Amino acid sequence: MKPLSLLTVLMLLWITSYSVLYGQKTDTTTFIKLYSNFYLFEKFRSPLVDYNAGYGAFEFGGFSPAIQWAGKKERKYHELELSVLRFKRSEDEIRILKEKEFSLRYEFGKRRLSKNGGKSYWQRGWSLRGFVYETDAEPLLMSGIPKFEGYYGFSFSYVPRYTLRLNSRFNVEANMVLGLSLSAVHGITDNPALTERQKEQWLFSLDVLDELPLRLGVVYRL
């Protein structure tokens with residue numbers, strides 16, 4: 001099983017068990033969110049990966065859904081966000097390119113009510129985001145060379161949030177993700193002119209403030 005498939009299965013199983021656990025708690029409020037992501041700058045993922053769309057380039061228009069469980073008394077919250085889910089196949093006269101991308105964020109933090117009757121509040125949390133990007137290039141020309149590239153890693157971030165209550169059901173929210181990423185890039189080039197060691201490469205990197213998205217969200221309270 002490829003890393004993308006294995007990571008996807010494990011994360012989906014964890015989400016299911018987590019949802020059941022928190023759904024059984026009567027002192028917890030559940031919020032459904034939809035974020036719109038605005039990236040302040042774009043960044044190349046790695047020299048091995050010819051892809052510069054950034055994590056906001058989703059197939060469903062730059063939006064990412066999330067679910068949050070917030071304690072009514074202790075004012076702590078847990079949140080899961082599907083940051084990226086993308087499968088794409090493109091073809092030209094040279095090659096067939098297959099892309100897969102998946103990213104999930106978990107966040108834990110606390111909220112602090114303002115002094116305006118609870119109509120707005122601040123939240124501050126810490127998040128862990130796992131991400132996977134894989135691409136397979138199948139040449140259509142006899143002279144072409146098959147290539148595989150994978151990008152794997154984790155981001156650790158501090159997330160300040162501000163939420164404004166519109167009514168008993170709907171809120172609007174603004175937040176920013178500030179953090180660093182640990183990543184590994186795996187490249188395989190099936191070139192018979194190269195040695196076995198040269199065909200496969202691994203590169204590791206540490207990037208600070210590699211995301212820096214400003215996210216605006218619509219929140220619905222269940």
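Tyr151 is buried in this predicted model, with a relative accessible area of just 3%. Because the cut-off for buried is under 20%, that value settles the matter. What about the ring that Tyr151 pairs with? The partner is Phe131, and the two form a stacked aromatic pair, with 5.5 Å from centre to centre and 25° between the planes. The label follows from the angle, because planes under 30 degrees apart count as stacked. Phe131 sits in strand β5 and Tyr151 in strand β6, so the pair ties together parts of the chain that are 20 residues apart in sequence. Phe131 is buried too, at a relative accessible area of 1%.

That pair has some company, as a search of the whole structure turns up 5 aromatic pairs. Another one of them brings together Trp126 and Tyr158, whose ring centres are 5.1 Å apart; their planes meet at 50°, so this pair is tilted. Here again the two rings come from distant parts of the chain: Trp126 belongs to strand β5 (residues 120-139) and Tyr158 to strand β6, with their positions 32 residues apart. How much of each residue is open to the outside? Trp126 counts as exposed, at 61% relative accessibility, while Tyr158 comes out as partly exposed, at 29%.

Moving to the surface, a nonpolar patch takes in ten side chains' worth of names: Ile32, Trp122, Tyr162, Leu164, Leu166, Phe170, Val172, Val218, Tyr220 and Leu222. Together they offer about 890 Å² of accessible area. Which strands supply at least two residues each to the nonpolar patch? The strands are β6, β7 (170-176) and β10 (213-221). Leu222, one of the patch members, is found in the segment after β10. At 52% relative accessibility, Leu222 counts as exposed, because the cut-off for that label is over 50%.

Charge gets a patch as well. Lys72, Arg165, Arg169 and Arg221 make up a positive patch on the surface. Where in the chain does Arg165 sit? Arg165 is part of strand β6, which covers residues 147-165. Is Arg165 buried, exposed or partly exposed? With a relative accessible area of 37%, Arg165 is partly exposed. That value also fits with a place in a patch, because patches are made of residues with over 30% relative accessible area.

Strand β6 therefore turns up in several parts of this account: Tyr151 lies in β6 and is paired with Phe131, β6 supplies at least two residues of the nonpolar patch, and Arg165 of the positive patch is placed there.

Key: Residues are numbered from 1 along each chain as its sequence is written. This is a predicted model: local features need pLDDT of at least 70, side-chain atom pairs count only at pLDDT 80 or more; totals for chains, interfaces and linings use all residues. Side-chain values use heavy atoms; hydrogens and water are left out. Patches are made of residues with over 30% relative accessible area and no salt bridge: like charges are joined within 9 Å, nonpolar side chains (Val, Leu, Ile, Met, Phe, Trp, Tyr) within 5 Å. Accessible areas come from the Shrake-Rupley method with a 1.4 Å probe; for residues, only the protein chains shown count as cover. A salt bridge is a side-chain nitrogen of Lys or Arg within 4 Å of a carboxyl oxygen of Asp or Glu. Lys and Arg count as positive and Asp and Glu as negative; His and the chain ends are not counted. The place of a charge is taken as NZ of Lys, CZ of Arg, CG of Asp or CD of Glu. Helices (H or I, at least four residues) and strands (E, at least two) are DSSP runs, numbered from the N terminus. Buried means under 20% relative accessible area, exposed over 50%, partly exposed in between (1.4 Å probe, protein chains only). Rings of Phe, Tyr and Trp (its six-membered ring) pair if their centres lie within 6.5 Å; planes under 30 degrees apart count as stacked, over 60 as edge-to-face and the rest as tilted.
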